[in-house]
Amino acid sequence: MTSTDQSADGELLVFRAERPASPGAERDVQPWRVLIADDDVDVHVATKFALRDAVFQGRPLSFLHAYSADEAMAQLKATPDIAMVLLDVIMETPDAGLKVARAIREELHNDLIRIVLRTGQPGQALEHSVIVDYDINDYWCKTDLTTRKLFTTVIASLRSYAEARSALEARRALAVQLAEARRVQAALDRYALVMTLDRDGCITDANERLCEVMHCTRDELLGQHARVLQPDGLPHEADILAALLADGGWAGDLQAKAPDGSIMPLRCAALAFRDPAGTPYQYVAVATPLGLPPA
């Protein structure tokens, strides 16, 4: 089903109307929240009418209204999920909209919302200086913003908002994973000896627990072959290498020699990381000394 509009300049516009959904489905759809901030009531009415059938990613638009800079800030503070604001430059003062644009970024620290400035008097705020000096996403003179251009601008802004929000959520998820990895690393550092080797068996990293148990420093180990830790040879070394090459991993118990000559029982696991050709390029070994207290 489609509906048509006649724009101010005579352009015939076609908007796609979504197929009617059940009442339950409508309640489950979260609309895109769009704030119209303008001191002209007619602008609110015309904007809402022009975008009445707009749908993006299966979600309709929901409009919030503000008629001054103070009202706009109140709406923005009360509704943090506003996707975009159609912001009039000149409201109660000649630069009211510009102050709101700056406050959004600097006071509310909202980098996601898309800010589209509109002005009915372009001579009052030079376009180039506004774009350079303010963190906005678009700038229009109201007389140039036809219904079709308004529709295009809004959809482009919503797409940009959705991409920015997805990127933010991905960064937050990554931060959670990184924090969890650090917790695991902290636990490993307390209980386990952890060592990373290159394809030739040279040590590229070693944790503090390993250095403590082996009575050496990390700098003394880096670049050395792993045999520096066991000059007499690692028990079952050939079997371990064969398992890493064949299966990519090995686990078992070893009787290693401590620096003082005593036997140090270890519960070990090793993992080989392979390149696309299947050749190991890095090894990670983790060992827990049996019978030793944690650090």
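A patch, in the sense used for these views, is made of residues with over 30% relative accessible area and no salt bridge, and nonpolar side chains such as Val and Tyr are joined into one patch when they lie within 5 Å. All of the views come from a predicted model.

**View 1. A nonpolar patch on the surface is made by Val 41, Val 45 and Tyr 67.** Together these three residues form a nonpolar surface patch of about 260 Å². Val 41, one of its members, is found in helix H2, which covers residues 41-50. The relative accessible area of Val 41 is 47%, and this residue is therefore described as partly exposed, a class that lies between buried, under 20%, and exposed, over 50%.

**View 2. Tyr 161 is a buried residue of the protein.** Tyr 161 lies in helix H6, which runs over residues 147-191, and its relative accessible area is 4%. When neighbours within four places in sequence are left aside, Tyr 161 is in contact with Trp 32, Asp 81, Ile 82, Ala 83, Leu 112, Ile 113 and Arg 114. One of these partners, Ala 83, shows how the chain brings distant positions together: Tyr 161 and Ala 83 are 78 residues apart in sequence, but their C-alpha atoms are 6.2 Å apart in space.

**View 3. Asp 88 in strand E6 makes a polar contact with Lys 142.** Strand E6 covers residues 82-88, and Asp 88 counts as buried because its relative accessibility is 3%, under the 20% cut-off. The polar contact joins the side chain of Asp 88 to the side chain of Lys 142, at 3.4 Å. Lys 142 is also among the residues in contact with Asp 88 once neighbours within four places in sequence are left aside, and the others are Ala 37, Asp 38, Asp 39, Gly 97, Arg 118 and Thr 119.

**View 4. Cys 211 and Cys 216 do not form a disulfide.** A disulfide is a covalent bond between the sulfur atoms of two cysteines. Why is the sulfur of Cys 211 not bonded to the closest cysteine sulfur, in Cys 216? The two sulfur atoms are 4.7 Å apart, which is too far for a bond, since a disulfide needs a pair of cysteine sulfur atoms within 2.5 Å. The structure as a whole holds zero disulfides. Cys 211 itself counts as buried, at 8% relative accessibility.

**View 5. His 109 and His 215 have positive phi values.** His 109 is not a glycine, yet its phi is positive, at about 55 degrees. This residue lies in the loop between helix H4 (96-106) and strand E7 (114-119), and His 109 counts as exposed because its relative accessibility is 60%. His 215, also a residue other than glycine, has a positive phi near 55 degrees. The loop that holds His 215 is between helix H7 (208-214) and helix H8 (218-221), and His 215 is exposed, with a relative accessible area of 62%.

**View 6. The whole protein, with nine helices and 13 strands, gives the setting for the close-ups.** The protein has 295 residues, of which 38% count as buried. Among its contacts with a separation of 6 or more, 54% are between residues 24 or more positions apart. The protein exposes about 16,900 Å², and carbon and sulfur atoms supply 54% of this area.

Note on methods
Residues are numbered from 1 along each chain as its sequence is written. This is a predicted model: local features need pLDDT of at least 70, side-chain atom pairs count only at pLDDT 80 or more; totals for chains, interfaces and linings use all residues. Side-chain values use heavy atoms; hydrogens and water are left out. Helices (H or I, at least four residues) and strands (E, at least two) are DSSP runs, numbered from the N terminus. Buried means under 20% relative accessible area, exposed over 50%, partly exposed in between (1.4 Å probe, protein chains only). Contact means heavy atoms within 4.5 Å. Patches are made of residues with over 30% relative accessible area and no salt bridge: like charges are joined within 9 Å, nonpolar side chains (Val, Leu, Ile, Met, Phe, Trp, Tyr) within 5 Å. Accessible areas come from the Shrake-Rupley method with a 1.4 Å probe; for residues, only the protein chains shown count as cover. A salt bridge is a side-chain nitrogen of Lys or Arg within 4 Å of a carboxyl oxygen of Asp or Glu. A polar contact is a pair of N or O atoms within 3.5 Å; within protein, one must be able to donate a hydrogen and the other to accept it, and residues adjacent in sequence count only if both atoms are side-chain atoms.
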